[in-house]
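Student: I am new to this structure. Please take a close look at one part of it, the loop residues and the salt bridges, and carry on from there to whatever adjoins the topic.

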Amino acid sequence: MSAARDAGFEWLGEDFVDDADEEEDEDGQGEETTEDESAPDSGQNMLYVTMPSMRGLQKILSLWKQYKAGNTKPKTDDGQWWPLFSYLSDIRTWSPKDRVDPGLSLFVDKMMRKFPDRPIRLELDLWFRSDPDLREAAAGYVSELMTLVEGSVLDFVTIPAIQYQAALVELPNQQALLLGSLEGPLSTADRVMRVRPQSLYTSESGDAAKQNLNVRAVPPTPDERPPVVALLDGYPVENHALLRNRLRVSEVDVHAVDVPVVRRRHGTAMASLILHGDLGDGVPPIDRVLQVVPILGAPQNLAEECTPPGKLPIGMVYRAVMALVEGLDGTAPQAESVVVINHSICDTEAPFSQRASYWAKLLDHLSHRYRLLFIVSAGNSLEPFAVNAYVDCHTFETADTVERQIALLSALDKSKASRVMLSPAEAINALTVGAVHGDSSTGVPAGVIDPFDTVSGVTNLASSIGLGLNRAIKPEIVEQGGRQMARSDDDSGYVLAWASEHPDVGQLTAAPGIGVLLDQVRRSTGTSNATALTTRAAARLVDVLEEVFDGNGEDWLESDTRAVVLKALLAHGCAWGAAGDILYELYHGKALRKKEAISRVLGYGRPDHSRVSTAHGSRITLLADDKISHNILHEYKLPIPRAMISNRELRRVVVTLAWSSPIDPLTQRYRGVRLEVVDRNGKRDFWKGIKRILAPDGRAARRGTLQHLVFEGKNLIQAGGAGDFFLGVQAMAEMTAFEKVEVPYGLAVTLEMGQPVRTDLFTDVEARVRAKRVDVAQRIPTRVRS
C-alpha cells in the first residue's frame, strides 16, 4: 500500500483475504473447506487505485508488460516501478464487467415485467475521492452522464465517514438493457465504481385486521423518562388504542401526510411488538416511550409500504440517526438519550455476498461513534426451494409429520446458497436476529401445512441464514418470529415449497383500521418480528442495567460501554438447545462442519433472558465493563463458589464478551480491533471441572464482535485449589491504524449449580468479590505478547 502511494497512486480500496485465523477449534479439529472459501476471486487480494491522468495509466500498463516480459529494471526513473510490480500478479483497468453488478440484468428484466411503462431506477456507487473538490464535482459528473443517456438524478448522498458517494438515477429502459449487456455509456463511466439495482425494502400488504377484544388501558400521559429505544421503520398509527401516549414520532424524510393511516402496517406492528410483545402472550407492556423515525412510505401507485422510491435508503437511515443523536441543519438532537435502534428493514435486492455493504458500514460506524446498539433483521427468504424427498404435493401433504419436518430441514440446508441474509445484516457491531417457528396462536387451520413443531425451537421457513463477514457468526441470536405455514407445488418429479402466512397464525399485533377504528389487530410473521421482540428484551434489560450502574454510583446512559454491556446481556442466555441437537444429527460431515452449518441457522441460539434479569439462589451473574487497546490484557479473578467445591453436582459457567470495533471501510479485513476471552496461558482451558457444550466452533466465534461460551461439567473440584476462576480479556489491533484506539467491551459471567444449594451463590461470591475489588482506574493492565 505504501509503495503504491509513494508511486503516485490514490488509494481507493482493497479486497483482502484474511487467512491469519487458521487454527484449531476447541475440539482440536482443523478447519474444513466450505462453500464460502470456493467463491470467485476469494483467493486473491484486490487493490483499487487511480492515477492522475490517462497518459500516466497507459505508461504504467506499458511498463507492466515490460516487467512481465522479464526486461531488466530501467536505470531511469521508470525503474522505481519494478519494486512495486514485485508485489503484484496483474494490473488491469476497471472494466464494464467489474462495473456492472452481476445481478443487474435480472433486476432490469424483473422491473420491466412489473412496470413496463416506467423507467428503471438504479444506483451508481462512485469511487470515493480523498480530494473534497473532486467529491464536490462528482454530482455534476453524474448529471452530465444522465444528460447523455436521457436519464435523471433522483438522489445523491455523500457520507465521508464510510467513504461513500452514490446517486440514485432513473434510466430509459433501453439504456438499462444496454447496461445489462455490459454496453452503453454508463458501463464505461470511469468515475463510477459500480452500477447496481436500487436498494429497496418492501413490506407485504398482509391480511385484513380484526377488532382487538382485549384492549389495554391507555396511559393518561406519556412516560416522562427520556426514550432509550428508537424504531426506524414505517409510520405507526399513533392514536391506536395500544400505542396512544406510548410513542414519540420525529419526522425527517417521511411525513404523516405521505402515508395514509390505513396503510401504516409495518411500523404499527413493530411498535406494538416492542411495547407489548405478542399480544396473545399477555405480557405487561413497556412503560417507557418509544422513539420512532419513519423511513417507509406508501406510494399511491403501490399496494405495499416501502422505502421511498426516490430516495437512497442509506441516506435516510443516516439522516434519521443523525437527527436523533446530533440534530440536522443546526437543530437540536431529537433524542440523544437513545441507545438501542430497532432496524427491521433490509435491502431486498442485496443478499449478503462476502463483502460488507455500504449500509452495513454505516451501521457499524454509527454504532461505534455514538455508542449505539442496532438490532437488525436477518431478512426473509421467500423464494421456493426444492424438497426432493417427495415426488408430488399429495405425498408431501400426507407425509408423517416428523418425517416431513426432517425432509424440510434437510431441504433448507441444501438450498442455503439462495437463502443468505439480506444487507445490512452483516454489520459486525450490530446484533442480527433470525426467526424461530413459534408464536401465541394455537392449532393448525384447515388446508395448510404446519411444517415444524413449536417445541424444538427450529427457525421458521423464511428465516435467512449466515454466515457473516469473514464467516463470522451471523445471525448472532434467534427469537420467535411466528409460525409460517408451508405451501407447495409440483415440479417435474419433486416438490417446491415456500413459506406462507395465514391470518389465524402468527404473532398478534396492533394494526391500522378503516376510518375511526383504532383498536384493530392482526397476525404476522418474519425476522422483523423477531427483531422487534429482541428490542423489547433490550428495553427490559435497560431497567436492570440502570439499577446496577446506579448501585455503583454510575450513570449507565453516560457510560462509554452502555451499548456493548447491553449486547452482552442480550446474548448471555443463548443456547442451541433441542434445535441444535436435531440439526447436529441431521447434517452431514465432521463435527466442525456440522457446527458451522448450525451456526448459519441458529447463531448462538435463542436467549433465555430470565437467566439474566431474575435472581436465583443457585445462579449468580457478574458483569464487567471497560475500554481496552491493542496488546493489552485485562485480568478478572472470580471466586469459585464454595458450593461448587468437593462435589460432583452439574455446574455451568457462561461467558459472554461483546465489544464495539472501529472499521476500515476500504479493506476486506474491515474490523479494526479483535478481543478474546483467554485463560492464564492465553488459551481457553478455563477450568478442569467443565467443558464446552455443543455450540459454534471457536474460530467462527472469534470473527465478529460477540463471543459466547457455555461450559458444563461434573468433575470433582478439590478443596484447597486456586480458589478463583480466571478470565482475561485480550485486545489485538487487526491493522496498525487502530493500535492506539480504545474500544469498549462488556463481559458477563454466570456461575450456576444444576441443583439448589444450601448456600446462596450470590451471597457467597458477592462478599468475596467486594473484598478483592479493584477499581478500573487503579487496575494496571498487563501487556502480553502479540
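Tutor: Asp439 and Arg483 are both buried, where buried means under 20% relative accessible area, exposed means over 50%, and partly exposed lies in between (1.4 Å probe, protein chains only). The areas themselves come from the Shrake-Rupley method with a 1.4 Å probe, and for residues only the protein chains shown count as cover. This is a predicted model, in which local features need pLDDT of at least 70 and side-chain atom pairs count only at pLDDT 80 or more, while totals for chains, interfaces and linings use all residues. Residues are numbered from 1 along each chain as its sequence is written, and side-chain values use heavy atoms, with hydrogens and water left out.

The side chains of Asp439 and Arg483 form a salt bridge at 3.7 Å, N to O; the term stands for a side-chain nitrogen of Lys or Arg within 4 Å of a carboxyl oxygen of Asp or Glu. This pair ties together distant parts of the chain, 44 residues apart: Asp439 sits in the loop between strand 16 and strand 17, and Arg483 in the loop between strand 17 and strand 18 (485-491). Helices (H or I, at least four residues) and strands (E, at least two) are DSSP runs, numbered from the N terminus.

The loop that holds Asp439 has other residues to look at. Arg471 lies in the loop between strand 16 and strand 17 and has a positive phi of about 60°, although it is not a glycine. Its relative accessible area is 10%, so Arg471 is buried. Leu467 is placed in the loop between strand 16 (431-436) and strand 17 (477-480), and a cis peptide bond with omega of about 15° joins Gly466 to Leu467. Pro475 also has its place in the loop between strand 16 and strand 17. The bond from Lys474 to Pro475 is cis, with omega about -15°.

Elsewhere, Asn245 has a positive phi of about 65° without being a glycine. Asn245 is in the loop between strand 9 and strand 10 (247-249), and it counts as partly exposed because its relative accessibility is 26%.

Strand 9 (residues 229-234) leads to strand 13, since the two pair in the parallel sense over four bridges; strands pair if DSSP finds at least two bridges between them. Across this pairing, Val229 stands opposite Val340. Strand 13 also pairs in the parallel sense with strand 14 (residues 373-377), over four bridges, and there the bridge partner of Asn342 is Ile375. Strand 13 (residues 340-343) is covered on both faces: Val340 and Asn342 on one side and Ile341 and His343 on the other are all buried.

Back to the salt bridges: the structure holds 27 of them. One of these joins the side chains of Lys210 and Asp504 at 3.7 Å, N to O. Lys210 in strand 8 (residues 210-211) and Asp504 in the loop between strand 19 (494-500) and strand 20 (507-510) are 294 residues apart, so described as distant parts of the chain that the pair links. Lys210 counts as partly exposed because its relative accessibility is 46%, and Asp504 is partly exposed at 41%.

A further salt bridge, 3.4 Å from N to O, joins the side chains of Lys627 and Asp560. It links distant parts of the chain, with Lys627 in strand 24 and Asp560 in the loop between helix 13 and helix 14, 67 residues apart. Lys627 has a relative accessible area of 29% and is partly exposed; Asp560 is partly exposed at 38%. Arg611, Arg652, Glu712 and Glu752 are joined into one network by salt bridges that share partners.

Strand 24 and Glu712 both come up again in the sheets. An open sheet of five strands runs in the order 24-31-26-29-28, with antiparallel pairing. Strand 24 (619-628) and strand 28 (691-692) are at the edges, each with a single partner strand, so one side of each has no neighbour in the sheet. Strand 28 pairs with strand 29 (residues 706-713) over two bridges, in the antiparallel sense, and Lys691 stands opposite Glu712 in strand 29.
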